[in-house]
Amino acid sequence: MFAIDYYQQAESVAQAVALLAAEPGARLVAGGTDVLIRLREGRGDYARLVDINGLEELRGIGLADDGTLRIGALSTFRQVMASDDVRRLVPVVAEAVGTAGGPQLRNVATVGGNICNGAVSADSVGALLVHDAQLEIQGPEGRRRTPLQGFHTGPGRVALARDEVLVALHIRPRDYRGFGAAYYKYAMREAMDIATIGCTAAVRLEGEAIGELRLVFTVAAPTPVRCAHAEAAAAGRPLTAETLDAVAAAVAADVQPRTSWRARQDFRLHIIRTLAARVTRRAAERAGGKF
Amino acid sequence: MAVGKSVTRKDAAAKVTGRARYTDDLPMPGMRWACYVRSPIAHGRVVRIDTTAARRLAGVEAVFTFEDVPDRPFATAGHPYALNPDHADVADRRLLTGHVRYQGDEVAVVVARDRLTAEAAAARVAVDYEELPVVVTAEAALAEGAPALHPGGNRVNTLRFEAGGKVDEVLERADAVVESRYRTPIVQHCHLENHIAYAYMDDMAHIVVVTSTQIPHIVRRIVAEALELPLSRVKVIKPYIGGGFGNKQDVILEPMVAFLTLQLGGVPVKIDLSREECFTSTRTRHATVMRGRAAAGRDGSLAALDVEIFSNTGAYASHGHAIMGASCTKSCNLYPRTAVRFAATTHYANVPAAGAMRAYGSPQVIFGIECLVEEAARAVGMDPVAFRIRNVARRGDVNPLDGHELLTCGLVECLEEGRRRIDWDARRRACRNQDGDVRRGLGVACFSYGTGTYPSCVEIAGARLILNQDGTVHLQVGATEIGQGADTAFSQMVSETLGLDCDDVHVVSSQDTDVSPFDTGAYASRQTYMVAPAVRQAAEALKGKILAHAALMTGQAAANLDLRGGRIVFAGTPEEALLSLSDLALDAYYHKQRGAQLTAEASCKTMTNPASFGCTFVDLEVDIPLCRVTIREIFNVHDSGVIINPLMAEGQVHGGLAMAIGWALYEEMLIDEQNGRIYNGNLLDYKMPTFMDIPDLGCAFVQTREPTGGYGNKSLGEPPIITPAPAIRNAVWDATGVKVDEIPMTPKVLYRYFSGAGLL
């Protein structure tokens, strides 16, 4: 039993936007894997719901003519994992969402929800950031596009107005062609867990060297972070242990791990450094590189 | 012959198809919901409590605070009644309290027409507290001037004993003495079915309590004590239950639901705890700190073990006063030729109450002992398996504490089997001189355990057999099926003795204290052993009655007859049937001049308690930079006497191993040492391992035949959880050269140890 005070099933994205605008305090419910947990906790601020589960325009994964990959915001983790386009073009996205929760959760949790809940630990976000995903958002004024990079503004906060709906994510060919990528979820157990540290790396090789490294950490700062210093330390460098050491050394300048009851700062930073090297190496190897 | 066969569990199909009915599956018209009002602070006194807003909510029927309940303390531990008042359990609970002693303590209870209303009303009870200083650790709780949780102070009791020699003298002249401190965490049972109970009255006097419990007959007594009612006015029903692991060997919700129905004119009232409430407000495993010393000789002898241990029983004693006594004494069978000394103190603290949990303190005590023994072996340059084989119990050894001879003991064979199976010598050689990021190690640990509670408590069990009109039998026992497979084991015993197919023995799985034979319930790994004599006696008696009736029907002498496979035969020519049991049964029931309903009942006390033994072997890898342990192979080898049902026995071992891996590597209730706040009382933040984290689990049995028991068996329910943790710790030491003296060995803990050792 849940104490739900208001519930509307939207019949179009435009109607969802209108319902959100008209009903103060209303929130979207998609897969429900966050909302129902909050309701079970007795959180009254989740008691007014606009259900978007019926909206086919938010579903579907496919390629545009220019090779851009579109992932509907309402795609479940399971659908992302099963998508041939995702597995062929951006396999790290499938790898990443495959680490979330367990099978039951992945059958209902959506990529859009994983981004819009602003979770610092979101499993999909690192993979989408290394591929520089673009967000398609609909609001009262119509649709806009904005990069995922910068969308997170703080723990649990994103740059989405309360009457806006995320429609889809787009990944352009230039952001996936030639990259090898990997995700490592450092958690306290292998399933049903939230990352202690998440590390995603994408590497494009140039000859025998790293042409470009894109490195993202989650749960390492108030928002998911691209690691500019670590990326710079790798650019143009050969595939050697020294390069990996340089990445590990530089990454400290990119992150702000904190001490909490879950883990201490020094431990988190040690894991961040270790993963920066290991995941970069795995991404480079997946791009065809040899150390 | 059914004993020793892997017959299919009686309840397997009912459980996997969802037909089995648990407490929450037994609805009742007019059921009310009750919800506790819990303390947000760990220690304090209620100075004001206002229930006005809660009472005003539509659908709320009653609110009771600590001022409205009987001011009579009662004990909750699920032990048999003790005739000797010195042996009585600690009576330190009331139904509700104005002196809150942990975060989650119960100050009031709300009854409403549905769950949401009850929860909403509970949140509207306004409570002001005067905060008191908080003690969380042994050190803080036992410090001079520490705030007393209970009138007698924070020390519940201290047990001291020495056996097998003078430990000080042995330590003095030993070739090597090792010393260390060990720490084990608070963990929770995490049984699938949360605590749930409801109560109603179906006449003017009697209260019926339906509850998920391991101990229905004990619940009946404690409810009567708490409410000051004659015992016969309380009836307890135990339906199917979804696991307990000791957490339901305690009385938690039953006195409250009984109180509420009594107050509310007999309407049914239910309490169904959430998982989060189960974490904070049922029972946990005691956290311990131990300081231990071991003495070893260059000849490979383990000369002495000297153990000082502090056991944190939390806000209320529950089983706390008994657990250290049980676990320290049971460990005396492990190295019976070694001088041992124990000093075990149990204390209160402002953390959730600890109670019984699988193996009842032995995992904590054996963890310390098996870490020490590992160190002693290394101190005298001996292989850890060889050192243990040199020192562990053998058949004919005499327990140095109680003087009992070990009539069966297969521990040396268990260790030899484990050593062979894991290819100990070769694999261990391969682990020498490693220097990579990922290193491999092997570990071993062994244990002794009991098969019940005698002579500490009475051991009594009852069984009733009824021959049905169709020639099958119904078995009723007071012992409880709680998922461990007891019903199936009992049916095998009946089958063995009575000469019936297991399928023709139906076990009544539910207990009803008005009807079921008396038995104290599922705990201490006692049931298969303690119930066996009653089942056997009843089966023999029923067989005698059946053969006597067969003699009447056939005109043959009963002494010449036998019962085989459901048929009456001549004992000398068993292949030829004289009469089917179903024909005999019809005759016994309905013949107008002879026979009767053929039943037999037995209630037996047992005055023996044989030790069971076993060990764990593990092969693992440690990724040092990631501070992670990966188990490559792990198995237990057990001497549990005759194995009644090999497949179910294997299941017990797998379950115990998995729980132990959680204890060793993952699980801990994290509680703030300053304010007693519980950080992770839920299944997300409390890292119980999942199926993905548990490696393939192995087991083997060295079968001895225990002569004192009905069918040659000894304990197996709890023992598999005892040794995996020290074996894993010893393997981590083997792999990395770092001795980790605390569990769980989570990445955070390993980081601290590996950093300290200069590995990172």
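I began at the end of helix H6(B), where Glu228(B), just after the helix, takes a positive phi of about 55 degrees. I note at the outset that this is a predicted model, and every value below was computed from it.

**Helix H6 of chain B**

I then went back along the helix itself and compared its length with expectation: at 1.5 Å a residue the 12 residues of H6(B) should span 16 Å, and the end C-alpha atoms are 17 Å apart, which agrees. I looked up its burial next and found the helix mostly covered, with 11 of its 12 residues buried. The buried set includes Pro216(B), His217(B) and Ile218(B) at its start, and also the charged Arg220(B), Arg221(B) and Glu225(B). What do the buried residues of H6(B) pack against? I found strand E10 (207-211), strand E11 (234-238), H7 and strand E20 (511-512), which belong to chain B.

**H6 against H7 in chain B**

Of these partners I followed H7(B), residues 254-263, whose axis comes within 9 Å of that of H6(B), residues 216-227, and crosses it at roughly 55 degrees. The two helices are therefore oblique to each other, and I recorded the crossing of H6(B) past H7(B) as right-handed. On the H6(B) side the contact is made by Val219(B), Ile222(B), Val223(B), Ala226(B) and Leu227(B), which meet Glu254(B), Pro255(B), Ala258(B), Phe259(B) and Leu262(B) of H7(B). By class I have nine nonpolar residues in this contact, no polar ones and one charged. The spacing along the sequence can be read with the general rule that an α-helix has 3.6 residues a turn, so residues three or four places apart point the same way.

**H10 against H11 in chain A**

For a second helix pair I turned to chain A, where H10(A), residues 241-250, and H11(A), residues 265-286, pack at an angle of about 140 degrees with their axes 8 Å apart. That makes H10(A) oblique to H11(A), since only angles over 145 degrees count as roughly antiparallel. I recorded this crossing as right-handed too. The contact is made by Leu244(A), Asp245(A), Val247(A) and Ala248(A) of H10(A), together with Arg273(A), Ala276(A), Ala277(A), Thr280(A) and Arg281(A) of H11(A). I sorted the residues of this contact into five nonpolar, one polar and three charged.

**Helix H17 of chain B**

I also checked H17(B), residues 646-666, for which 21 residues at 1.5 Å a residue should span 30 Å, and the 29 Å between its end C-alpha atoms agrees with that. As 15 of the 21 residues are buried, I entered H17(B) as largely enclosed by the rest of the structure.

**Where the chains touch**

How many residues of chain B are in contact with chain A? I have 17 residues of chain B in contact with 13 residues of chain A. On the chain B side, the elements that give two or more residues are helix H3 (115-123) and helix H19 (747-756), and the largest share, three residues, comes from H3(B). By class, this side of chain B has 10 nonpolar, two polar and five charged residues.

**Backbone entries in loops**

I looked up two cis peptide bonds in chain B. One runs from Tyr454(B) to Pro455(B), with omega near 5 degrees, and Pro455(B) sits in the loop between strand E16 (438-449) and strand E17 (460-467). The other runs from Ile743(B) to Pro744(B), with omega near 0 degrees, in the loop between helix H18 (724-736) and H19 of chain B.

I then checked positive phi values in residues other than glycine. Asp132(A) has phi near 45 degrees and lies in the loop between helix H8 (123-130) and strand E6 (134-139) of chain A; with 18 other C-beta atoms within 10 Å, I entered Asp132(A) as partly exposed. Ser525(B) has a positive phi of about 50 degrees and lies in the loop between E20 and helix H15 (527-554) of chain B. Is Ser525(B) buried or exposed? I counted Ser525(B) as buried, because it has 26 C-beta neighbours inside 10 Å.

My last entry is Asp86(B), in the loop between strand E3 (60-65) and strand E4 (99-100) of chain B. Asp86(B) is exposed, with 5 other C-beta atoms within 10 Å. From Asp86(B) to Gln537(B) I have 451 residues in sequence and 33 Å in space, C-alpha to C-alpha.

Key: Residues numbered from 1 in each chain as written. Chains lettered and ligands numbered in written order. Predicted model: local features only at pLDDT ≥ 70, side-chain atom pairs only at ≥ 80, totals over all residues. Axes fitted to C-alpha atoms, helices over the stretch in contact; angles between N-to-C directions. Helix = DSSP H or I, 4+ residues; strand = E, 2+ residues; numbered from the N terminus. Parallel < 35°, antiparallel > 145°, perpendicular 65-115°, else oblique. Left-handed = near helix turned anticlockwise from the far one by under 90°. Contact = placed C-beta atoms within 7 Å. Expected span 1.5 Å × (residues − 1). Buried ≥ 20, exposed ≤ 12 C-beta atoms within 10 Å, placed from the backbone.
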